[in-house]
Number of protein chains: 2
Amino acid sequence: MEQRPGGRSARVRDAVRQATLAELAERGYGGLTVENVAIRSGVHKTTVYRRWGSVEGLIADALELAREEPWPMPDTGSFQEDLREIVRLVQSGFADPVAGPVSAAFVTAAVQNGDAARSLHDFFTARHEQAAEVVRRAVERGEVPAGTDGADVIRTAVAPVYYRLFVTHEPVTEHDAVRAADAAAAAARAGVFSALQP
Amino acid sequence: MEQRPGGRSARVRDAVRQATLAELAERGYGGLTVENVAIRSGVHKTTVYRRWGSVEGLIADALELAREEPWPMPDTGSFQEDLREIVRLVQSGFADPVAGPVSAAFVTAAVQNGDAARSLHDFFTARHEQAAEVVRRAVERGEVPAGTDGADVIRTAVAPVYYRLFVTHEPVTEHDAVRAADAAAAAARAGVFSALQP
DNA sequence: CTCCAATCGCAACTCGTGTTGCTTTAGGCT
DNA sequence: AGCCTAAAGCAACACGAGTTGCGATTGGAG
């Protein structure tokens with residue numbers, strides 16, 4: 001068994017990954033083709049098919065990269081403001097002309113392909129866990145009841161943004177983001193996410 | 001200009017629509033093919049291509065049918081219980097082995113195709129407007145502040161279910177549905193959805 | 001330095017989706 | 001009842017995604 005992590009294989013891998021992201025940003029998920037990625041990366045089409053299998057494989061691979069990227073976590077001292085900041089970050093991320101289509105492509109791919117769905121699931125599990133930190137701090141400050149499920153607060157806060165974007169296909173303004181965050185904050189304060197509630 | 005709403009065209013149309021729904025229920029969106037629909041409906045493949053154009057066209061057409069179907073709207077006398085009932089209905093709908101895949105196919109199609117997205121947008125606009133009735137009643141009873149945006153309460157209530165299903169790909173239990181409804185109810189009572197709030 | 005196995009490049013092929021030009025059928029109208 | 005045209009059927013074709021067998025290249029190990 002031979003490993004060549006620094007050799008030609010690695011170069012090919014990087015070229016294809018970069019080409020995938022570039023194609024995704026330019027044409028979106030619908031315009032992503034194995035052949036175009038092969039041409040842009042300078043790697044032969046057969047090679048891409050053999051190592052990634054399909055368009056969904058390319059996306060699942062790119063997702064693993066995205067998962068490793070760090071995330072700025074707000075710490076304003078106010079629970080509501082922290083939540084607002086998180087949801088605003090999600091909203092503005094999708095509004096961004098380059099990051100937006102790439103993120104949207106991940107969601108689109110996961111809806112159709114099981115592998116991409118698993119990758120995205122892991123991605124969001126990590127994000128929820130990370131973002132739940134702002135809830136833990138709020139509990140310590142006494143802003144929300146003890147036993148509050150942090151991950152579920154985050155889910156509730158960001159869900160309306162995704163709902164508008166990918167389900168109802170309505171526009172999403174910053175005002176919508178703030179309102180969604182405020183709704184989750186109000187519910188958390190009311191103890192809806194506390195396991196101690198009946 | 002000749003119209004033949006009761007003739008062969010109408011029969012073909014119905015046959016194709018029914019075949020589309022049956023295929024969707026059996027194989028889901030990924031397994032939906034124009035050819036299979038043509039075979040199952042007994043209509044020639046060329047005809048389907050000419051009138052519906054593609055798989056997305058078939059789904060957009062089926063969606064228009066779905067929009068016309070009436071919806072049972074709860075009226076329990078309690079705002080929170082009404083909301084719970086609505087969200088539970090969404091959750092159990094997707095859990096249903098026959099209605100679930102069809103509904104999921106609509107969402108999947110809309111993510112990829114502009115026509116389907118517009119159809120789904122209209123579908124949800126109608127649903128939100130209809131469901132906002134429970135909020136109007138709650139306002140009249142004094143359970144939530146005047147000026148509360150009913151459609152947005154509904155969006156907030158159901159969004160976490162869709163978020164889990166189509167974004168994070170987490171399982172959705174009835175408990176999750178109830179909690180999402182309760183969160184929206186608590187936020188509405190707190191005045192988050194009232195235009196009179198700053 | 002040389003070998004060698006993994007990986008990549010290449011060209012030809014298969015297969016299924018969607019298209020086109022033409023013919024046939026059927027239903028509304030007089 | 002019979003015509004007339006919109007709509008459906010049909011077969012042949014075009015096109016592109018994905019596959020396969022084989023030869024070429026590369027980079028690490030001895």
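**Figure 1. Helix 1 and helix 6 of chain A cross at roughly 100°.** In this predicted model, the axes of helix 1 (residues 8-27) and helix 6 of chain A come within 7 Å. Because angles of 65 to 115 degrees count as roughly perpendicular, that is the name for how helix 1 and helix 6 of chain A sit relative to each other. Look for L21(A), L24(A) and A25(A) on the helix 1 side; they meet P101(A), V102(A) and A105(A) from helix 6 of chain A. Sorted by class, this contact has 6 nonpolar residues, with no polar and no charged ones.

**Figure 2. Helix 5 and helix 7 of chain B run roughly antiparallel.** Here we switch to chain B, where the axes of helix 5 (residues 79-95) and helix 7 (residues 114-141) come within 10 Å and cross at roughly 170°. An angle over 145 degrees counts as roughly antiparallel, so helix 5 and helix 7 of chain B get that label. From helix 5 of chain B come F79(B), D82(B), L83(B) and I86(B), and they meet A131(B), V134(B) and A138(B) of helix 7. The tally by class for this contact is 6 nonpolar, no polar and 1 charged.

**Figure 3. A close look at G100(B), in helix 6 of chain B.** Helix 6 of chain B covers residues 99-112. Is G100(B) buried or exposed? Neither label quite fits: G100(B) is partly exposed, as 16 other C-beta atoms lie within 10 Å. Setting aside neighbours within four places in sequence, the contacts of G100(B) are G93(B), F94(B) and A95(B). For a sense of scale, pick out A15(B) too: 85 residues separate A15(B) from G100(B) in sequence, and their C-alpha atoms are 21 Å apart in space.

**Figure 4. H169 has a positive phi in chain A and in chain B.** Start with H169(A), which lies in the loop between helix 8 and helix 9 of chain A. Phi of H169(A) is near 55°, a positive value in a residue that isn't glycine. Over in chain B, H169(B) lies in the loop between helix 8 (150-168) and helix 9 (174-189). H169(B) isn't a glycine either, yet its phi is positive, at about 60°. As for surroundings, H169(A) is partly exposed, with 18 other C-beta atoms within 10 Å. H169(B) is partly exposed as well, with 18 other C-beta atoms within 10 Å.

**Figure 5. Chain A meets chain B.** At this meeting place, 30 residues of chain A are in contact with 30 residues of chain B. On chain A, helix 6 (99-112), helix 7 (114-141), helix 8 (150-168) and helix 9 (174-189) each supply at least two residues to the side that touches chain B. Helix 8 of chain A gives the largest share of that side, 9 residues. By class, the residues on this side of chain A divide into 19 nonpolar, 7 polar and 4 charged. The copies meet through the same surface, because 100% of the interface residues of chain A are also interface residues in chain B.

**Figure 6. Laying chain A on chain B.** A turn of 180° with a shift of 0.0 Å along the axis lays chain A on chain B with an RMSD of 0.1 Å. The two copies are therefore related as by a two-fold rotation axis.

**Figure 7. A184 in the largest nonpolar core.** Which residues of this 116-residue core touch the most other members? They are A184(A) and A184(B). Not counting residues up to four places away in sequence, A184(B) touches A183(A), L83(B), V153(B), T156(B) and A157(B).

Terms used
Residues numbered from 1 in each chain as written. Chains lettered and ligands numbered in written order. Predicted model: local features only at pLDDT ≥ 70, side-chain atom pairs only at ≥ 80, totals over all residues. Contact = placed C-beta atoms within 7 Å. Helix = DSSP H or I, 4+ residues; strand = E, 2+ residues; numbered from the N terminus. Nonpolar A, V, L, I, M, F, W, Y, C, P; charged D, E, K, R; others polar. Buried ≥ 20, exposed ≤ 12 C-beta atoms within 10 Å, placed from the backbone. Least-squares fit on C-alpha atoms with pLDDT ≥ 70 in both. Axes fitted to C-alpha atoms, helices over the stretch in contact; angles between N-to-C directions. Parallel < 35°, antiparallel > 145°, perpendicular 65-115°, else oblique. Core = buried A, V, L, I, M, F, W, Y, C linked by C-beta atoms within 7 Å.
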